[in-house]
Every structure is written in structure tokens, then in C-alpha cells.
Amino acid sequence: MTDSSHTFLFADLVGFTALADLEGDSRALAVALELQRRTDHQMKRTRGMSRTEKQERTRDALLRAASRLFCRRGLEGTSIDEITEAAG
């Protein structure tokens with residue numbers, strides 16, 4: 001693993017532990033499983049694409065989702081989480 005992978009893994013474990021402390025083990029597990037499901041789905045959709053193609057596809061999806069949400073809810077009424085959810 002690279003240093004950045006270690007950092008992400010550590011932050012992820014800290015976040016998981018904090019979520020489990022706040023909302024219980026079942027909720028933390030549900031969040032982790034949903035993250036895995038979304039990651040698996042995204043990996044299957046982009047298999048065989050170059051890194052640049054994946055980046056462009058992600059950027060375009062985020063921009064389209066942000067535009068739609070900003071038109072409906074305004075800039076102040078839209079969160080980053082809502083944009084990423086809408087982008088898929």
C-alpha cells in the first residue's frame with residue numbers, strides 16, 4: 001500500500017469507529033456495505049476504460065448532477081452529498 005492508501009484506510013477506520021460509537025454497529029455496518037456496493041457497481045461500469053476516460057466520465061456526471069440540483073434547489077440548498085448521490 002502507498003502512504004496515501006494507508007492514510008485513507010486509517011481515516012476510514014476512524015470514521016467507521018466514530019459512526020459505530022454514535023449510531024451503533026448495525027448502522028456503521030450498513031454504511032460500509034453500501035459503500036462497497038456502490039464501489040463495486042462503479043468498478044464494473046468503468047472496467048476497460050483508461051484513467052483519463054474514467055476521470056472525464058466522473059467529472060461530466062458530477063457537473064450534470066450539480067447543474068440539475070442547483071436549478072431545482074439553488075446553490076445554498078444543495079449539498080455535496082446530494083450531488084454525488086445524483087451523479088451515481
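What pattern does the protein chain follow when read along the sequence? Here are my notes, point by point.

1. Reading along the sequence, you get α-α-α-α. That is four helices and zero strands in the protein chain. Keep in mind that this is a predicted model, and the values below are all computed from it.

2. On burial, the protein chain has 88 residues, and buried ones make up 11% of them. The chain exposes about 7,200 Å², with carbon and sulfur atoms supplying 58% of that area. As for contacts between residues at least 6 apart in sequence, 16% join residues at least 24 apart.

3. Helix α3 spans residues 51-73, and much of this note concerns it. Arg57, Arg59, Asp60 and Leu69 are among the residues found there. Of these, Leu69 is buried, at a relative accessible area of 5%. Arg57 is partly exposed at 34%, Arg59 is partly exposed at 45%, and Asp60 is partly exposed at 30%.

4. Now the charged surface. Which residues form the positive patch? They are Arg45, Arg57, Arg64, Arg68 and Arg72. Helix α3 gives the most to this patch, with four residues. Arg57 has a relative accessible area of 34%, and patch residues need over 30% and no salt bridge, so Arg57 clears the area cut-off.

5. Why is Arg59 not in that patch, although it sits in helix α3 and is partly exposed at 45%? The patch rule takes only residues with no salt bridge, and Arg59 pairs with Asp60 through their side chains (3.0 Å, N to O). Arg59 is therefore left out because of that salt bridge.

6. How many salt bridges are there by this rule? The count comes to three. Besides the one between Asp60 and Arg59, there is a bridge between the side chains of Glu23 and Arg27, at 3.2 Å, N to O. Glu23 is partly exposed, with a relative accessible area of 48%, and Arg27 is partly exposed too, at 41%.

7. The remaining bridge joins the side chains of Arg73 and Glu82, at 3.0 Å, N to O. Arg73 is partly exposed, with a relative accessible area of 42%, while Glu82 is partly exposed at 32%. Arg73 is also the residue at which helix α3 (residues 51-73) ends.

8. Back to Leu69: is this helix α3 residue buried or exposed? Leu69 counts as buried because its relative accessible area is 5%, and the cut-off for buried is under 20%. If you set aside neighbours within four places in sequence, Leu69 is in contact with Gly74, Thr78, Glu82, Ile83 and Ala86. Glu82 therefore turns up twice in this note, as a contact of Leu69 and as the salt-bridge partner of Arg73. Leu69 and Ala86 are 17 residues apart along the chain, and their C-alpha atoms are separated by 8.4 Å.

9. Which distances link helix α3 residues to Ala87? Arg59 and Ala87 are 28 residues apart in sequence, and 9.3 Å apart in space, C-alpha to C-alpha. For Asp60 and Ala87, 27 residues apart along the chain, the C-alpha separation is 8.8 Å. The same two helix α3 residues, Arg59 and Asp60, meet in a salt bridge. If you are looking at the model, it is worth viewing Arg59, Asp60 and Ala87 together.

Note on methods:
Residues numbered from 1 in each chain as written. Predicted model: local features only at pLDDT ≥ 70, side-chain atom pairs only at ≥ 80, totals over all residues. Heavy atoms only, no water. Patch = residues over 30% accessible without salt bridge, like charges linked within 9 Å, V, L, I, M, F, W, Y side chains within 5 Å. Areas by Shrake-Rupley, 256 points an atom, 1.4 Å probe, with all protein chains shown as cover. Salt bridge = Lys/Arg side-chain N within 4 Å of Asp/Glu carboxyl O. Lys, Arg positive; Asp, Glu negative; His and termini not counted. Charge placed at Lys NZ, Arg CZ, Asp CG, Glu CD. Helix = DSSP H or I, 4+ residues; strand = E, 2+ residues; numbered from the N terminus. Buried < 20%, exposed > 50% of the residue type's maximum accessible area, 1.4 Å probe, protein only. Contact = heavy atoms within 4.5 Å.
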